[in-house]
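Please open the model in your viewer and keep the selection tool at hand, since each stop on this tour begins with something to pick out.

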Amino acid sequence: MSARRIVFTSGKGGVGKTTTTANVGAALAKSGKRVVLVDADIGLRNLDLVLGVEKRIVFDLVEVVEGRCQLRQALIKDKRLENLSILPAAQTRDKTAISELQMAEVTAQLGEMCDYVLIDCPAGIEHGFRNAIAGATEAIVVTTPEVSAIRDADRVIGKLNERGLPLRLIVNRIRPEMVRSGDMLSVEDVTDILAAELVGIVPDDEEVIDTTNRGEPIALSPDSRLAAIYAKIARRLEGELVPFTSLTTPGLFERLFGKAG
Amino acid sequence: MFEFFNRLFGTKPSSATAKERLRLVLLSDHLSLAPDVVEALKNDLIEVISRYCEVDAANCDVTFERQDKAVAMLANIPILGMQRPKPPAPPPAAPPQAPPGLADEPAASPALATTTPSVPEQAPAPTAKVPGKPGGSNGRRRRRKNNGVQGAPRPQPT
């Protein structure tokens with residue numbers, strides 16, 4: 001059976017695409033799924049760094065496409081989770097080094113060897129974006145509750161709709177206390193504006209900076225609040241109906257702060 | 001504390017401003033990104049107005065303008081005259097009240113007409129209508145029983 005191939009995209013850079021891809025992938029792998037993460041950001045590879053495998057890269061996506069190595073040789077197995085692998089991007093090439101067709105072929109091949117292929121898309125809507133979505137069967141749009149991120153997400157959603165790719169939304173870096181005081185758009189505002197189905201709400205958490213510094217996805221930290229949230233996203237991807245907790249109801253604030261997601 | 005004063009003096013929260021700004025900017029983004037949609041809208045507008053008057057189709061212009069709290073559609077459609085080039089086609093969805101085609105209906109037999117209320121679900125699809133004069137009526141409908149679905153007469157061979 002062929003895997004689900006999900007592209008994580010946002011339009012705008014810096015909203016947390018790579019972190020989200022790494023953590024959703026880690027959460028899925030933790031739940032027993034076989035997951036391959038693909039870094040499609042050729043020239044600006046970072047997924048390896050977020051996952052702490054940067055020293056183990058031998059071959060990359062471009063070398064696979066150019067036939068210089070076997071696909072399996074380029075995959076780096078995660079040391080913490082044996083069913084999680086990463087296909088790194090090339091760092092010294094640019095986005096034009098591969099074509100949409102080649103990318104689609106590589107992702108299809110990966111799809112034969114796992115349950116989930118998660119593709120980390122570069123920022124923008126040009127060549128790199130078209131490559132990243134070429135092999136995907138569905139998309140997750142990552143956005144933050146900021147005007148620029150939402151406008152870009154809307155543009156990306158338009159592009160994904162043109163391709164007929166089904167998509168869902170992750171609202172990243174929400175700050176419940178700011179939403180409550182009216183200083184930040186709420187998750188409901190974002191889903192209203194973008195008219196997209198939600199698959200995850202991830203609160204802003206400083207712990208992510210710390211775990212990323214160490215190259216350990218927060219989804220694997222045992223007592224982390226965000227680990228529980230990424231686990232919920234993984235369950236929703238599996239089709240389970242996991243209720244969202246509203247972050248905006250003032251009376252429930254204390255309770256929600258520990259339970260967002 | 002700031003929050004308190006903001007509320008006290010009725011300052012709009014910035015999230016509401018953000019939502020309003022996004023709504024407007026996305027509306028104009030969508031319009032400018034879909035020139036084919038705007039073109040289709042323009043053609044449809046011209047078509048509808050042409051049913052009532054003669055328009056200068058070559059010099060029509062439809063634009064969108066950002067205003068304070070909305071995006072306005074500005075249609076500039078020069079009208080050449082009121083004479084209709086041909087009889088207007090009935091609109092696809094018939095209005096609920098009194099389509100003109102029913103004028104010849106009172107001839108319908110009351111006995112037959114009473115069958116109508118029991119079968120409202122069997123109303124003919126709106127696409128069953130034909131432009132122009134209806135054929136005869138076999139009296140299966142009465143005007144006051146129409147719920148809008150059957151607003152126009154069905155084609156009936158005479």
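Begin with strand β3 of chain B, residues 71–76, in what is a predicted model; this strand is hardly covered, the count of buried residues among its 6 residues being 0. Add strand β2 of chain B, residues 61–66, to the selection, and you will have a pair that runs in the antiparallel sense over 6 bridges. Within this pair, look for B:Val62, which stands opposite B:Ala75 in β3(B), and then follow the chain through the 4 residues of the hairpin that joins β2(B) to β3(B).

Next, turn to the contact of the two chains, to which chain A gives 13 residues and chain B gives 14 residues. On the side of chain A that touches chain B, select α7 and α9 (187–194), the elements of chain A that give two or more residues; the largest share, 5 residues, comes from α7(A). That side of chain A divides into 5 nonpolar, 4 polar and 4 charged residues.

Now keep helix α7 of chain A (residues 147–163) and add helix α2 of chain B (residues 14–33), which pack with their axes 10 Å apart and at an angle of about 30°. Because angles under 35 degrees count as roughly parallel, α7(A) is roughly parallel to α2(B), and their crossing is right-handed.

Finally, show the side chains where these helices meet: A:Val147, A:Ile150, A:Arg151, A:Asp154 and A:Gly158 from α7(A), facing residues of α2(B) that include B:Arg21, B:Leu22, B:Val25 and B:Asp29. The residues of this helix contact divide into 7 nonpolar, 1 polar and 4 charged.

Notes. Residues are numbered from 1 along each chain as its sequence is written. Chains are lettered from A and ligands numbered from 1 in the order in which they are written. This is a predicted model: local features need pLDDT of at least 70, side-chain atom pairs count only at pLDDT 80 or more; totals for chains, interfaces and linings use all residues. Axes are lines fitted to C-alpha atoms, for helices over the stretch in contact, and angles run from 0 to 180 degrees between N-to-C directions. Angles under 35 degrees count as roughly parallel, over 145 as roughly antiparallel, 65 to 115 as roughly perpendicular and the rest as oblique. A crossing is left-handed if the near helix is turned anticlockwise from the far one by less than a right angle, and right-handed if clockwise. Two residues are in contact if their C-beta atoms, placed from the backbone, lie within 7 Å. Ala, Val, Leu, Ile, Met, Phe, Trp, Tyr, Cys and Pro count as nonpolar, Asp, Glu, Lys and Arg as charged, and the others, Gly among them, as polar. A residue is buried if 20 or more other C-beta atoms lie within 10 Å of its own, exposed if 12 or fewer, and partly exposed in between; C-beta atoms are placed from the backbone. Two strands pair if DSSP finds at least two bridges between them.
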